[in-house]
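Colleague: I should like to understand the reasoning behind the terms used for this protein. Please take me through them one by one.

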Amino acid sequence: MKSLFFACFLILGSASYAQSFDNYLFLEKKDIIEQFNDLSKKNTKYSVSIKDSSGVLTVMITGFETISCSFKFNEDSICEESQFKYSCGDCSQKHFNEFLNDKYYKWKRSKNGEYFSKYNRFQVMRLENTKKENCTTIVFYTTNWTKEYYKSQIEQ
């Protein structure tokens, strides 16, 4: 139960995203850092460490579960890709289902096995499994698709 509470707290976005699980795409680097700093202050059972380089922000969360997050930014410091690497298969499946069932994005499976947000969100979600480390990474990235491409890629 603690894990579920933490996960919900971790990925809930700002007030405008109150009912969605945030993947941090389209946010500025400073806002992402602020959200994780707030998290570490509010939930002392988890340790949050942040490493900031010019193009990649890395956040390590340790506690009941371990989550390694990385964020890539464009030249304007806006997040274009986020990755969440979970330390256990059950944890990653639970978080994947939380993202997948989010009504804000309305994820739909594409023909190539990725998941597309509803058209006007311009986001893709992909699962990457690592058999060697027995963990899963959920990758989100932005895209600029056309309506025709979007419709042609969604499984019916």
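The exchange below sets computed values against the cut-offs behind each term.

Modeller: Please note at the outset that this is a predicted model. The protein has 4 helices and 8 strands, and along the sequence they follow the pattern α-α-β-β-β-β-α-β-β-β-β-α. Of its 156 residues, 40% count as buried.

Colleague: Why is the contact between E81 and K72 called a salt bridge?

Modeller: The term requires a side-chain nitrogen of Lys or Arg within 4 Å of a carboxyl oxygen of Asp or Glu. For E81 and K72 the N to O distance is 3.6 Å, so the pair satisfies the definition of a salt bridge. The structure holds 5 salt bridges.

Colleague: What makes E81 buried, and is K72 buried or partly exposed?

Modeller: Buried means under 20% relative accessible area, and exposed means over 50%. E81 has 18% relative accessibility, and therefore counts as buried. K72 has 37%, which lies in between, so K72 is partly exposed.

Colleague: How do you know that E114, R126 and E128 are linked in a network?

Modeller: The link rests on two salt bridges in which R126 takes part. The side chains of E114 and R126 meet at 3.6 Å, N to O. E114 lies in the loop between strand 5 (108-109) and strand 6 (115-116), whereas R126 lies in strand 7 (residues 123-130), so this pair ties together parts that are 12 residues apart in sequence. The side chains of E128 and R126 meet at 2.8 Å, N to O. Both distances are within 4 Å, so both contacts qualify as salt bridges.

Colleague: Which of these three residues is buried, and which are partly exposed?

Modeller: E114, at 11% relative accessibility, is under the 20% limit and so is buried. R126 at 25% and E128 at 31% count as partly exposed, because values between 20% and 50% carry that label.

Colleague: How many disulfides does a search of the whole structure find?

Modeller: The search finds 0 disulfides. The term would require a pair of cysteine sulfur atoms within 2.5 Å, so the result means that no pair meets that limit.

Colleague: What makes C69 and C79 buried?

Modeller: C69 has a relative accessible area of 1%, and C79 likewise has 1% relative accessibility. Both values are under 20%, so both cysteines count as buried.

Colleague: Which residues gather in the patch of negative charge on the surface?

Modeller: The patch consists of E28, E75, D76 and E80. Asp and Glu count as negative, so these residues have the charge that the name calls for.

Colleague: Why is D76 called exposed?

Modeller: D76 has a relative accessible area of 55%, which is over 50%, and is therefore exposed. D76 is found in the loop between strand 3 (67-73) and strand 4 (79-86).

Colleague: Where is T146 placed, and is T146 exposed or partly exposed?

Modeller: T146 lies in the loop between strand 8 (135-142) and helix 4 (147-153). The relative accessible area of T146 is 42%, between the limits of 20% and 50%, so the residue is partly exposed. The C-alpha atoms of T146 and F122 are separated by 9.6 Å, with the two residues 24 residues apart along the chain.

Definitions and conventions
Residues are numbered from 1 along each chain as its sequence is written. This is a predicted model: local features need pLDDT of at least 70, side-chain atom pairs count only at pLDDT 80 or more; totals for chains, interfaces and linings use all residues. Side-chain values use heavy atoms; hydrogens and water are left out. Buried means under 20% relative accessible area, exposed over 50%, partly exposed in between (1.4 Å probe, protein chains only). Helices (H or I, at least four residues) and strands (E, at least two) are DSSP runs, numbered from the N terminus. Patches are made of residues with over 30% relative accessible area and no salt bridge: like charges are joined within 9 Å, nonpolar side chains (Val, Leu, Ile, Met, Phe, Trp, Tyr) within 5 Å. Accessible areas come from the Shrake-Rupley method with a 1.4 Å probe; for residues, only the protein chains shown count as cover. The place of a charge is taken as NZ of Lys, CZ of Arg, CG of Asp or CD of Glu.
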